[in-house]
Amino acid sequence: MTQDRRPHKIDAAETAANTTTASSLHTPTPLLYSTVMSKQAGCNIWLKLENMQPTQSFKLRGVGNMCAKAVLEHNAKRFVAVGDTNAALAVSYSGRQLGIPVVVFVPAGIQPSAVRPKIELEGAELIEDGRSVSDAYSAACVYVQNNDGAILVDSADNPAVISGNSTIISEISIQLHRKEPAAVIAPVGSGGLLAGIVTGLHQCRWQRVPVIAAETHNTNSFQQALLFGASEQLPKSCDAAGCDKQSSADVSNKAHGGDNKLNAPSVYPSLLPPLHGEVCGDGDTRDVFTSGGKTYARPDSDGVYPSCIRARMGGGDARQPEPTVATCLSSGSTCMRALELSQAHPVVPVSISEAMAVEACRRLLDDHQLLVEVGSAAALSIVGKGIIHQIVPDLDHDSHVVVVVTGGANINFERLEAYRQRFPFPAPIIAKSGQEIFLRMTDTALPATAGSTTSLSASTGSVSASPVPTKPPPASLTPVPVSK
């Protein structure tokens with residue numbers, strides 16, 4: 001491998017000169033060379049440690065930038081967030097730093113996440129309203145409409161958020177001495193991070209650096225959005241001027257000043273479980289639909305699925321259970337800007353099993369004494385299991401691969417131990433891209449040598465084990481040179 005593995009140290013002056021948002025509240029994070037993962041992968045693996053942010057998550061980059069701009073440009077008097085999530089924690093921290101009150105709406109009667117005490121510690125006011133996140137979101141919209149100067153902070157489809165997230169790449173460019181990486185791997189949830197990464201790559205003139213977007217099989221909103229060509233309609237969108245019923249396409253259209261390339265349908269079957277022969281009664285027909293030759297069921301406004309499939313989900317009148325251990329990747333919709341950029345940049349969506357993500361989470365703790373959420377570790381599994389060589393087969397000892405470790409505060413040792421007992425260790429490899437499994441293996445790791453696939457049983461899906469495509473950037477993504 002290359003001899004000089006020391007990342008360039010970022011100082012305050014260099015950061016100000018090379019990042020796009022001087023008003024952000026985030027801190028530059030280390031780029032750690034992983035000797036263990038590099039030896040396993042046969043190439044140089046770097047970990048961008050976003051778990052070292054003050055809120056333990058990359059969310060502070062985009063959210064902090066949006067909050068600072070809201071104060072400077074719109075005279076915001078109050079920030080509003082929804083859910084006890086990493087995004088809400090970032091909003092709460094930003095509010096405290098800026099001296100702005102923060103209100104966080106959460107559904108009533110649900111089990112609090114490990115993030116909630118940290119939100120309260122930042123001084124945010126928590127308001128319980130409704131039985132579901134959708135109810136809490138609606139209540140937040142009403143609150144914004146009735147309070148002058150209140151801003152509902154969007155953690156994904158907002159230009160300021162995307163701009164803040166793009167600073168990850170500008171830092172990596174400095175830390176790698178502007179040496180172009182062979183690939184960037186990152187988990188994708190709602191898509192704000194992905195949009196920021198692609199934007200940053202183009203600003204650094206790294207238009208051909210592929211981005212591997214990692215999800216788990218039951219949180220693959222981004223994969224499904226690419227397949228169906230659209231994102232789910234949001235119930236409402238709020239800003240300082242109030243709330244109207246708008247789709248996410250409408251919101252993105254206003255934010256970016258033009259027509260979206262993708263049309264949003266009224267439903268989007270990403271996290272909705274397909275039916276397997278259940279017979280639904282007449283009263284359930286409104287909650288069943290067919291798309292892409294498959295039949296799906298969707299929950300009502302309270303998150304309750306039709307009775308015909310509740311038995312499979314545990315029975316009773318309970319609302320939808322936690323669909324995944326990768327909670328930070330669960331998203332009901334995908335950022336439209338991320339979808340647009342993925343059409344103009346080599347982006348490879350890959351989903352893995354939850355067992356693989358849990359294993360990667362455990363290995364990060366064992367190898368580097370770092371504890372992150374399982375969803376964040378999904379990106380690490382792409383390297384740890386050798387899948388990276390099936391996507392970018394020309395990697396060698398001179399290649400550099402960057403994994404964005406997004407972090408997350410919704411994790412602790414007790415929770416990780418519970419996951420350890422729930423899933424096999426080490427985990428078998430099951431990787432999907434699109435609707436088909438493109439890589440399945442009963443062994444627990446692939447060889448590091450590119451192209452060694454004799455033991456694989458693979459069926460080609462929408463993305464196969466071949467080099468990622470490269471596309472020239474469109475005129476709207478003209479690269480912006482990084483300041484010297």
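Start with the whole chain in view: among contacts between residues at least 6 apart in sequence, 75% join residues at least 24 apart. Keep in mind that this is a predicted model. The chain holds 16 helices and 16 strands, and buried residues account for 54% of its 484 residues. If you switch on a surface, you are looking at about 19,900 Å² of exposed area, with carbon and sulfur atoms supplying 50% of it.

**Stop 1: the nonpolar cores**

Select I45, L47, I185, L380 and I382. These are the residues with the most contacts inside the largest nonpolar core, which has 45 residues. Next, add helix α13, residues 354-368: the largest share of this core, 8 residues, comes from there.

Now centre on L380. Which residues does L380 touch, leaving aside its neighbours within four places in sequence? Show M37, L47, A360, L364, V403 and V405, and you have the answer. For a second, separate core, select I169, L194, A195 and A225, which are included among its 34 residues.

**Stop 2: I388**

Go to helix α15, residues 388-391, where you will find I388. Is I388 buried or exposed? Its relative accessibility is 1%, so I388 counts as buried. Leaving aside neighbours within four places in sequence, display its contacts: A183, I185, I212, I382, V383 and L395. Then draw a distance from the C-alpha atom of I388 to that of A41; the two residues are 347 apart along the chain, yet these atoms are separated by 8.3 Å.

**Stop 3: strands β7 and β8**

Two of those contacts lead onward. Select β7, residues 183-187, and β8; the two strands run parallel and are joined by 4 bridges. Zoom in on P187 to see it standing opposite A214 in β8.

Stay with β8, residues 211-216. Of its 6 residues, 6 are buried, so the strand is largely enclosed by the rest of the structure. In a regular strand, side chains alternate between the two faces of the sheet. To follow this here, colour V211, A213 and E215 on one side and I212, A214 and T216 on the other; both faces are covered, and all of these residues are buried.

**Stop 4: an open parallel sheet**

Move to the four-stranded open sheet, and read its strands in the order β5-β4-β3-β6; the pairing is parallel. Which strands stand at the edges? They are β5 (125-128) and β6 (150-152), each with a single partner strand, so one side of each is left without a neighbour in the sheet. Turn the view to follow the twist, which averages 25 degrees from one strand to the next.

Zoom in on β3 and β6, which run parallel and are joined by 3 bridges. Here F79 stands opposite I151 in β6. Now add helix α6, residues 133-146: this helix lies across β3, β4 and β6, running at about 165 degrees to β3.

**Stop 5: helix α4**

Select residues 86-98 for helix α4. At 1.5 Å a residue, the 13 residues of α4 should span 18 Å, and the end C-alpha atoms are 18 Å apart, which agrees. How many residues of α4 are buried? The count is 10 of the 13, so α4 is largely enclosed by the rest of the structure. To highlight them, pick N86, A87, A88, L89, A90, V91, S92, Y93, S94 and G95.

What do these buried residues pack against? Show α3 (59-74), β3 (78-82), β4 (102-106) and α5 (116-121) to see the partners. Finally, step past the end of α4 to G99, whose phi is positive, near 75 degrees.

**Stop 6: two backbone angles to check**

Most residues other than glycine have a negative phi, and most peptide bonds are trans. With that in mind, find H177 in the loop between α7 (159-175) and β7. H177 is not a glycine, yet its phi is positive, near 55 degrees. With a relative accessibility of 47%, H177 counts as partly exposed.

End the tour at Q369, in the loop between α13 and α14 (374-384). Q369 also is not a glycine, and its phi is positive at about 55 degrees. Is Q369 buried or exposed? Its relative accessible area is 58%, so Q369 is exposed.

Methods:
Residues are numbered from 1 along each chain as its sequence is written. This is a predicted model: local features need pLDDT of at least 70, side-chain atom pairs count only at pLDDT 80 or more; totals for chains, interfaces and linings use all residues. Side-chain values use heavy atoms; hydrogens and water are left out. A nonpolar core is a set of buried Ala, Val, Leu, Ile, Met, Phe, Trp, Tyr and Cys residues joined through side-chain atoms within 4.5 Å. Buried means under 20% relative accessible area, exposed over 50%, partly exposed in between (1.4 Å probe, protein chains only). Contact means heavy atoms within 4.5 Å. Accessible areas come from the Shrake-Rupley method with a 1.4 Å probe; for residues, only the protein chains shown count as cover. The expected span of a helix is 1.5 Å times one less than its number of residues. Two strands pair if DSSP finds at least two bridges between them. Axes are lines fitted to C-alpha atoms, for helices over the stretch in contact, and angles run from 0 to 180 degrees between N-to-C directions.
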